[in-house]
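Biologist: I'm new to this one, so could you take me through a single part of it up close? Pick one sheet and stay with it.

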Amino acid sequence: MDRRSFLHAGAALGALALAPGARADEATYQRFHAALARDPSLAVYANQAGSQGGDAVIKGRLPRDLRGTFYRNGPGRFELGGERHHHWFDGDGFAQAWTVADGKVRHRGRFVETQRYAEESAAGQFLYPAFGTLVTRRGVRDNDTMNAANTNLLPYDGRLYALWEGGSATELDPESLATRGLKTWSDDLRAMPFSAHPKLDPQGGMWNFGTLPGANRLALYQIGAQGQVLRTALLPAPQLALVHDFVISSKHLIFVVPPYDLKKDPGLSFAERHAWAGGARGARVLAIAKDTLALRQVFELPPHMVFHFGNAWEDGDCTRFDVVLHEGDALAEVGSVMHGEHTPPRSRTVQVTLDYASGQARTERLFGTSEFPRVMPQVAMARHRRLALLGASGASPGLRLDSVNLVDTDSGKVDGYVFGAGWQVEEHVLVPRRNARSETDGYLVGAAQDLRARQTVMTVFDAAGVKDGPVALARLPYRAPHCFHGNFLTA
């Protein structure tokens, strides 16, 4: 793929964000703070003012063989100059590191100092468009002008990257979390969309993608183990809107394209331009061959929004994968927390079988209301039998996920623990013991928000007995911003 083709396609995303004279208003700010006064638990979505750091108080006993750093990332700054962003995905990235060593846990967090963050901090007001908030006080040069670096934190090849999905990765110092600058994998990929969900390939290196909705194209990247670009491709993808995540097997890259139409109204934010079209068509599953980077087959699913996948593997002439399916326009619903609203989740986790011979996609239910599926890293691209998920017990209102679960994908049996009312649980990841012999030979590590105490807690479960509760809780004396995604780097 030549530089001209990439830049021509990449220019489309930046163009979507331009609208003369648009301004954010103060209504969202006032509405949220009125709701916060009635419901203090909304502090999870409150504005973060600056850096954080401190030692956690340990309850229980940290496993001696759990050593390393749990990197996390999510939006932290939602407000500036009396205005508030309209969507949860808009806030400036706040990188966090929980360092586990010698029976102690130390936390540190600081903002990713992107161009947007630095210039808006100096101006004391929002200047640039965000995903769900239209602001055009200053012109946009390319996608990285709007880069929020707020979705994932990826350790790779001895380096650390804060990821967004509309632009470049941002490199951070792995120890201090100080911002080093934009990562350009090659000149051809400068400012190109680089999703927040790259997949590490057990066969070596990683895969990633970027969506170019204005051009209805999907950009594919294969990156080597030392960060070198091995292959790139641009695939036509009609009716392409938001694609947040994907999954890889040994032979395929799998994408689910939700049924959205993209409005061309320049007076709307990028999120507002997504018009749910589930009444007219379903979701499309794109199976792309790894060896050729060509589209192999397209499958149809009922209309669902998809944020996250679990794992994928080949089963004869079929590919099977885990995915969380959301009912209706979940993109709009998940953003409502910025207004102080709790929208009940409508999701379920299923296992999908793509049958290439028949051209049919079959689904089998694994779990009810849920999100953030993860598997042990050693079974990536192979058949797995344990899937980690967050769930909603029903004890907590609205959007809150309050349980941690390890699902047996063969029997359907669930080994789970419910934190219950007063808690909001964040993504948990599976961390294997050294030389692990099974998918439960390790730990389930995550974070949770104690809404009553207004404190953030790192949680550690034995993966062989999640129902027994955390073996250790590392409690901070303060609330850290709610994160989206992260990864545990073993020392």
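Modeller: First, some vocabulary: two strands pair if DSSP finds at least two bridges between them, and the strands themselves are DSSP runs (E, at least two residues), numbered from the N terminus. Keep in mind that this is a predicted model, where local features need pLDDT of at least 70 and side-chain atom pairs count only at pLDDT 80 or more, while totals for chains, interfaces and linings use all residues. Residues are numbered from 1 along each chain as its sequence is written, and side-chain values use heavy atoms, with hydrogens and water left out.

Now, the sheet. β16 and β17 make a hairpin, with 3 residues between them. Their pairing is antiparallel, over 2 bridges, and Valine 247 sits opposite isoleucine 254 of β17. On β17 goes to β20, again antiparallel, this time over 6 bridges; here isoleucine 254 has alanine 287 as its bridge partner in β20. Then β20 pairs with β21 in the antiparallel sense, also over 6 bridges. Put together, that's an open sheet of 4 strands in the order β16-β17-β20-β21. The edge strands are β16 and β21 (295–301), each pairing on one side only.

Let's stop at β17, which covers residues 252–257. Of its 6 residues, 6 are buried (under 20% relative accessible area, with exposed meaning over 50% and partly exposed in between, using a 1.4 Å probe and protein chains only). So the strand is largely enclosed by the rest of the structure. In a regular strand the side chains alternate between the two faces of the sheet. In β17, His252, Ile254 and Val256 are on one side, Leu253, Phe255 and Val257 are on the other, and both faces are covered.

Next door in β20 (residues 283–289) you'll find isoleucine 288. With 1% relative accessibility, isoleucine 288 counts as buried too. Its place in the sheet is opposite leucine 295 of β21. Leaving aside residues up to four places away in sequence, isoleucine 288 touches a list of residues (contact means heavy atoms within 4.5 Å). Among them are His252, Leu253 and Phe255, as well as Leu295 and Arg296. Leu218, Leu220 and Leu235 are also on that contact list. One last distance: isoleucine 288 and threonine 232 are 56 residues apart in sequence and 13 Å apart in space, C-alpha to C-alpha.
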